[in-house]
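This report describes selected features of one chain, with the cut-off behind each term given where the term is used. Please keep the coordinates open while reading.

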Amino acid sequence: MPSTPHASLLWVWFTLTLALCLQVMPLAEGWQIWRPDWLGLMLIYWCMTAPARVGVFHGFLFGILLDLIEGSPLGLNALTLSLLAFFAALIYPRFRTYSLVQQALLILVLLGLVQLIEQWLRSLFGVFSMHLAFLLPALIGAVLWPWLATMFRAVERRLTNHE
């Protein structure tokens, strides 16, 4: 992490905001199911890297923003991202000791569980899906995790060395 608290906090907020932008970026019809859960991945990353700074509040805040941008029922994404941050906080001590492959498998489980809860909540609001394509973002996120975690560790080292 960068040595100054303001720089690191700015970096956290910048990456979460960038993930929010990637999450709502328009894609062609049919490609939307292939979009990774960028916001979920960033939230998990920061909950694991800086658990004292990022947690359920950040999940709730960015979930509300995502609800407002997508026009989904208010609180739907806020609840799921808050749950994701809570689950990440529960497994934080063990997660850091795992290899990147084990972490990716755990990311698959976390994101898949949150996607399942989100799909269940959406079915309560009337949008029902019979196929399991809603789990593709979790699978893609798990595949991207080793690359994403390695890249962010390198960027953080570089930021720390330049200060």
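Helices (H or I, at least four residues) and strands (E, at least two) are taken as DSSP runs and numbered from the N terminus. The model is a predicted one, in which local features need pLDDT of at least 70 and side-chain atom pairs count only at pLDDT 80 or more, while totals for chains, interfaces and linings use all residues. Residues are numbered from 1 along each chain as its sequence is written, and side-chain values use heavy atoms, with hydrogens and water left out.

**The second largest pocket**

A pocket is found on a 1 Å grid over the protein atoms alone, as an open set of points with protein on both sides within 12 Å along at least five of seven lines, whereas a cavity is a set of points where a 1.4 Å probe fits but cannot get out; lining residues have an atom within 4 Å of a point. Grid points are joined across faces, edges and corners, and a volume is the space filled by probe spheres set on the points. On these terms the second largest pocket has a volume of about 210 Å³. Its lining holds 14 residues, of which Leu18, Leu22, Leu148, Met151 and Phe152 are the closest to its centre. Two or more lining residues come from each of helix 1, helix 2 and helix 6 (136–162), and the largest share, six residues, is given by helix 1. By residue class (Ala, Val, Leu, Ile, Met, Phe, Trp, Tyr, Cys and Pro nonpolar; Asp, Glu, Lys and Arg charged; the others, Gly among them, polar), this lining divides into 13 nonpolar, one polar and no charged residues.

Leu18 is placed in helix 1, and its C-alpha lies 8.8 Å from that of Trp38, although the two are 20 residues apart in sequence.

**Salt bridges**

A salt bridge is counted where a side-chain nitrogen of Lys or Arg is within 4 Å of a carboxyl oxygen of Asp or Glu. The structure holds two of them, listed here with their N to O distances.

| Pair | Distance |
|---|---|
| Glu70 and Arg122 | 4.0 Å |
| Glu118 and Arg122 | 2.9 Å |

Glu70 in helix 3 (residues 56–70) and Arg122 in helix 5 (residues 100–124) are 52 residues apart, and this pair links distant parts of the chain. Glu118 and Arg122, in contrast, are separated by about one helical turn, because they are four residues apart in helix 5. Glu70, Glu118 and Arg122 are thus linked in a network of salt bridges.

Accessibility classes are set with a 1.4 Å probe and protein chains only: buried means under 20% relative accessible area, exposed over 50%, and partly exposed in between. Glu118 is buried, at 12%, whereas Arg122 is partly exposed at 22% and Glu70 is partly exposed at 40%.

**Surface and loops**

Accessible areas come from the Shrake-Rupley method with a 1.4 Å probe, and for residues only the protein chains shown count as cover. Patches are made of residues with over 30% relative accessible area and no salt bridge, like charges being joined within 9 Å and nonpolar side chains (Val, Leu, Ile, Met, Phe, Trp, Tyr) within 5 Å. Met25, Leu27, Trp31, Ile33 and Trp34 form a nonpolar surface patch with about 510 Å² of accessible area together. Trp31 is found in the loop between helix 1 (5–24) and helix 2 (38–49), and its relative accessibility of 56% makes it exposed.
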